[in-house]
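Trainee: Hey, have you got a few minutes to go through this model with me? I'd like to understand how its parts fit together.

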Amino acid sequence: MDIASRNHVTVTGNPQGPTVVLAHGFGCDQNMWRLTVPALADDYRVVLFDYVGSGRSDASAFSQERYASLDGYARDVVEVCEALELRHAVFVGHSVSAMIGVLAAGLAPERIGALVMVAPSPRYIDDQGYRGGFSAEDIDELLASLEANYLGWSAAMAPVIMGNADRPELGDELKNSFCATDPDMARVFARTTFLSDSRDDLKGVSVPTLVLECTQDVIAPREVGAFVHQAIPGSTLVTLDATGHCPHLSAPEATNQAIVHFLASL
């Protein structure tokens with residue numbers, strides 16, 4: 001299968017510049033990066049794509065078996081990088097994509113030379129000595145609600161996840177993005193996301209890494225940002241002046257400034 005059409009790959013920006021790959025989170029698509037692309041396009045070659053089951057990807061490529069673990073999504077990332085012959089690209093991953101990037105860098109270290117993690121979480125469920133922000137019961141309820149009525153769940157959860165109550169248009173955008181995702185494929189991605197545990201994978205990260213967290217984020221509280229930063233040797237942690245789980249939409253200037261500053265340091 002043609003990878004470019006499978007993942008609706010888009011390449012823009014400066015063809016002579018270093019490559020930055022922008023990867024969306026659960027229930028989203030590459031359009032979520034539209035406020036970031038202009039900040040990078042002059043100096044960097046920018047690669048965008050949609051995970052299978054999201055955006056304008058080829059839904060016929062979906063496999064419940066492949067995408068029942070984050071490894072399936074990481075293999076997609078590696079295949080996109082291979083198809084474009086990328087070497088030492090900077091992978092910018094939002095939310096669950098931050099961990100997918102960690103896995104992809106482990107699978108193909110020659111393809112990914114640095115990581116930017118936007119609101120990452122290696123595990124959403126609390127554990128002994130670890131606060132992920134949710135109890136196991138919370139996640140069971142969340143998944144049961146999502147699986148019973150995906151559109152209703154999207155309408156209720158999107159504003160909470162976005163976290164900017166004074167700007168309801170942002171919550172509406174996330175809700176519309178969720179609702180545009182095929183419910184059956186979204187159920188698989190949600191289960192894969194919220195039940196994942198990538199904490200051990202963080203120790204293997206050996207590339208320059210920027211961790212971006214928000215001052216308030218119900219999905220990835222600040223304890224999670226601190227954990228990720230501590231687990232990845234030599235990483236940089238930046239707390240953005242932003243609230244919610246999608247700072248590239250709610251606070252694009254602060255987010256872009258942090259990313260561009262990191263890219264310039266490489």
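Mentor: Sure, let's start with a helix pair, keeping in mind that this is a predicted model. Tyr150, Leu151, Trp153, Ser154, Ala155, Ala158, Pro159, Ile161 and Met162 in H6 meet a set of residues in H7, namely Leu170, Gly171, Leu174, Lys175, Phe178 and Cys179.

Trainee: How many of the residues in that contact are nonpolar, polar or charged?

Mentor: The contact of H6 with H7 has 12 nonpolar residues, two polar ones and one charged one.

Trainee: And at roughly what angle do the axes of H6 and H7 cross?

Mentor: Roughly 145°, and the two axes come within 8 Å. The crossing of H6 and H7 is right-handed.

Trainee: OK, changing topic. Which residues touch the most other members in the largest nonpolar core?

Mentor: Those are Phe26, Tyr51, Val77, Met117 and Leu174, out of 70 residues in that core. Helix H4, residues 96-107, gives the most to this core, with eight residues.

Trainee: What is Val77 in contact with, leaving aside neighbours within four places in sequence?

Mentor: Val77 is in contact with Phe49, Tyr51, Phe91, Ile100, Ala104 and Ile112.

Trainee: Ile112, where does that one pair up?

Mentor: Ile112 is in S5, and its bridge partner is Ala89. Strand S4, residues 89-94, runs parallel to S5, with six bridges joining them.

Trainee: Why is S5 said to be largely enclosed?

Mentor: Because six of its seven residues are buried, S5 is largely enclosed by the rest of the structure.

Trainee: Next one: where does Gly132 lie?

Mentor: Gly132 is in the loop between strand S5 and helix H5, which covers residues 136-148.

Trainee: Is Gly132 buried or exposed?

Mentor: Gly132 counts as buried because its relative accessible area is 0%, and the cut-off for buried is under 20%. Leaving aside neighbours within four places in sequence, its contacts are Arg123, Tyr124, Ile125, Asp126, Ile219, Pro221 and Val224.

Trainee: How many residues apart in sequence are Gly132 and Ala220?

Mentor: They are 88 residues apart in sequence, yet 6.9 Å apart in space, C-alpha to C-alpha.

Trainee: Last one, Thr193. Which helix has it, and what is it in contact with beyond four places in sequence?

Mentor: Thr193 sits in helix H8, residues 183-194. With neighbours within four places in sequence left aside, Thr193 is in contact with Phe26, Val96 and Tyr124. Thr193 is also buried, with a relative accessible area of 2%.

Notes. Residues numbered from 1 in each chain as written. Predicted model: local features only at pLDDT ≥ 70, side-chain atom pairs only at ≥ 80, totals over all residues. Heavy atoms only, no water. Axes fitted to C-alpha atoms, helices over the stretch in contact; angles between N-to-C directions. Helix = DSSP H or I, 4+ residues; strand = E, 2+ residues; numbered from the N terminus. Left-handed = near helix turned anticlockwise from the far one by under 90°. Contact = heavy atoms within 4.5 Å. Nonpolar A, V, L, I, M, F, W, Y, C, P; charged D, E, K, R; others polar. Core = buried A, V, L, I, M, F, W, Y, C linked by side-chain atoms within 4.5 Å. Buried < 20%, exposed > 50% of the residue type's maximum accessible area, 1.4 Å probe, protein only. Pairing = 2+ DSSP bridges.
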